[in-house]
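This report looks at empty space enclosed inside a protein model, and then at one residue of the same chain. The sequence and structure come before the details.

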Amino acid sequence: MSESGQFEGFGGRHVPEPLEEPLEQLATAFEEIVPTERFQRRFHHLLGHYGGRPTPVYHAETLSERYGAEIYFKHEDLLHGGAHKLNNTLGQGLLAEEAGKERLIAETGAGQHGTATAMVGAMLDLPTKIYMGEKDIERQEMNVFRMRLLGAEVEPVTRGDEGLAEAVDAALEDFAANMDDTHYLVGSAVGPDPFPRMVREFQSVIGREAREQIRELHGELPDACVACVGGGSNAIGLFHAFKNDDVMFYGAEPGGRGDAEHSAPLSKSETDDPQVFQGMKTRIIDDDTDNHSVSAGLDYPAVGPEHAALQELGRAEYHGIGDEEALAAFKELSRAEGIIPALEPAHAVALAKKLAAEDRHDTLLVNLCGRGDKDMQTAARKFDLD
């Protein structure tokens, strides 16, 4: 195991020996190529002219009045593709091209990362294959169509729980078999080093923008940042820019349907000892817990190692938000502000409501990391809107 990519004893590179060398090569390419002026110029040009950055910060006046705290949203749902995922896929796609890779693969749960990967694969003319659990294919039909329309191959994964964790396993197996010409474009801040560091680097544009925008809009920094956490890429992208500020971090994990069915290892697991999972040392849900979330993008049994470290240090708190709470926030935000969120950030909205009710903070900055188009079928089954 490499000692690089450690977060307070979490993270690292716990992989079979054949994967050590390609991951070390990727780490070297990341460290040497990404800081160059040429890479940064091209990356930021595409973030702006292809992706549509900067995304705005919005003061939600109606919810602020209802909740009794000032609520601001970082509008990542307005990024091209409908979610924050493009920040990372653009960065990793450009890195793969610079490193001479000829093919992209990825895993996806809600389909947002898969769609963003397919977009970049089409733009860079790189063949792209997306692994997606059969369960998620059924509940995210529109994103499956989008990926295929963009030219990507969508490979159903039928093993195990047929979800995001199994899609990651399948993508890792493909990468191990085709590492010479293939880049595995990991979608969240998870996996063996250097993936958590890479994803944080490319997603940190969220926090850098938000930090300046809220100071301009509100006059000062927020008291706290709130984001949903499955693997944790959107959250770490927001939190990172505020790491040296007197700003508290809160992660909304998927509390699912109670103690026996959830995907919330930091807030609901009874096991304190970190475990090795998919190449990283981190926290995972208990063995007797069924991995579940109403949101496909949060339906993951582990969490990014940096989030586990932030909890260990007391720098961040993580709270489980149940399916019904997230659905209620999904509906409330839609009707109060005219913004239909994805079910993933609906968890963060629900947590912000709780924090305001507890009178913990006066100003909350919430990462609205995706829009709700993909979740219309799920919502239609849950709500009677006649």
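In this predicted model, the largest cavity is lined by 29 residues. His 84, Lys 85, Ser 233, Gly 297 and Leu 298 are the lining residues that lie nearest its centre. Several secondary-structure elements contribute to this lining: strand β5 (103-108) and helices α5 (112-124), α8 (164-177) and α11 (233-239) each supply at least two residues.

Rolling a probe the size of a water molecule over the atoms shows where empty space is left. The structure holds two cavities of 30 Å³ or more. Their volumes and the classes of their lining residues are set out below.

| Cavity | Volume | Nonpolar lining residues | Polar lining residues | Charged lining residues |
|---|---|---|---|---|
| Largest | about 360 Å³ | ten | 15 | four |
| Second largest | about 50 Å³ | eight | two | no charged residues |

Which residues line the second largest cavity? They are Val 168, Leu 172, Tyr 184, Val 186, Val 190, Gly 191, Pro 192, Phe 195, Gln 278 and Tyr 300.

The last part concerns a single residue, Asn 367, in strand β16 (residues 363-367). Is Asn 367 buried or exposed? Asn 367 counts as buried because its relative accessibility is 0%, and buried means under 20%. Leaving aside residues up to four places away in sequence, Asn 367 touches Lys 74, Glu 76, Ile 206, Val 226, Ala 227, Asn 234, Leu 238 and Pro 345.

Technical notes. Residues are numbered from 1 along each chain as its sequence is written. This is a predicted model: local features need pLDDT of at least 70, side-chain atom pairs count only at pLDDT 80 or more; totals for chains, interfaces and linings use all residues. Side-chain values use heavy atoms; hydrogens and water are left out. On a 1 Å grid over the protein atoms alone, a cavity is a set of points where a 1.4 Å probe fits but cannot get out, and a pocket is an open set with protein on both sides within 12 Å along at least five of seven lines; lining residues have an atom within 4 Å of a point. Grid points are joined across faces, edges and corners, and a volume is the space filled by probe spheres set on the points. Helices (H or I, at least four residues) and strands (E, at least two) are DSSP runs, numbered from the N terminus. Ala, Val, Leu, Ile, Met, Phe, Trp, Tyr, Cys and Pro count as nonpolar, Asp, Glu, Lys and Arg as charged, and the others, Gly among them, as polar. Buried means under 20% relative accessible area, exposed over 50%, partly exposed in between (1.4 Å probe, protein chains only). Contact means heavy atoms within 4.5 Å.
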